[in-house]
Amino acid sequence: MQQGRIVALDASLAIHSAKLSSDLKLPMADSIILATAQAHNAVIWTQDADFNDIKGVRFIAKATDVR
């Protein structure tokens, strides 16, 4: 049973990632994740605040530790 898929980081995806990084002020690694998800019509589910308020991303804030 395959749970995921390896996607090659080709020139087109790299250029799209660089544009997203510049436009959205995202770290390059995050922009590669976003560009890959966009290219494959995938939704990103994350608690990484860098992705907050980005279309196609479901951001869930981390719960604060209340003691």
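These legends walk through a few close-up views of a predicted model.

**View 1. Helices H1 and H2 where they cross.**
Start with the two helices: H1 covers residues 11-24 and H2 covers residues 28-39. Their axes come within 8 Å of each other and cross at roughly 120 degrees. That makes H1 and H2 oblique to each other, because the angle is neither in the 65 to 115 range for roughly perpendicular nor over 145 for roughly antiparallel. As for handedness, the crossing of H1 and H2 is right-handed. If you're new to this kind of picture, two packed helices are described by the angle between their axes and the distance between the axes.

**View 2. A salt bridge within helix H1.**
Here we zoom in on Lys 19 and Asp 23, which form a salt bridge. How far apart are the closest N and O atoms? They sit 2.7 Å from each other. In general, side chains of opposite charge can pair when their charged atoms come close. Lys 19 and Asp 23 are 4 residues apart in helix H1, so about one helical turn separates them. Asp 23 counts as partly exposed, because its relative accessibility is 48%. A search of the whole structure turns up 1 salt bridge.

**View 3. The nonpolar patch around Trp 45.**
Which residues make this nonpolar surface patch? Val 43, Trp 45 and Ile 60 do, and the patch comes to about 340 Å². Trp 45 belongs to strand S1, which runs over residues 44-46. Is Trp 45 buried or exposed? With a relative accessibility of 61%, Trp 45 counts as exposed, since the cut-off for that label is over 50%.

**View 4. Ile 6 and Val 43.**
Now for the segment before H1, where you'll find Ile 6. Ile 6 counts as exposed because its relative accessibility is 84%. Along the sequence, Ile 6 and Val 43 are 37 residues apart; in space, their C-alpha atoms are 16 Å apart. Val 43 is also one of the residues that make the nonpolar patch in the previous view.

**View 5. Gln 38 and Val 7.**
This last view goes back to helix H2, home of Gln 38. At 35% relative accessibility, Gln 38 falls between the buried limit of 20% and the exposed limit of 50%, so Gln 38 counts as partly exposed. How far is Gln 38 from Val 7, going C-alpha to C-alpha? The separation is 12 Å, with their positions 31 residues apart along the chain.

Technical notes: Residues are numbered from 1 along each chain as its sequence is written. This is a predicted model: local features need pLDDT of at least 70, side-chain atom pairs count only at pLDDT 80 or more; totals for chains, interfaces and linings use all residues. Side-chain values use heavy atoms; hydrogens and water are left out. Patches are made of residues with over 30% relative accessible area and no salt bridge: like charges are joined within 9 Å, nonpolar side chains (Val, Leu, Ile, Met, Phe, Trp, Tyr) within 5 Å. Accessible areas come from the Shrake-Rupley method with a 1.4 Å probe; for residues, only the protein chains shown count as cover. A salt bridge is a side-chain nitrogen of Lys or Arg within 4 Å of a carboxyl oxygen of Asp or Glu. Buried means under 20% relative accessible area, exposed over 50%, partly exposed in between (1.4 Å probe, protein chains only). Axes are lines fitted to C-alpha atoms, for helices over the stretch in contact, and angles run from 0 to 180 degrees between N-to-C directions. Angles under 35 degrees count as roughly parallel, over 145 as roughly antiparallel, 65 to 115 as roughly perpendicular and the rest as oblique. A crossing is left-handed if the near helix is turned anticlockwise from the far one by less than a right angle, and right-handed if clockwise.
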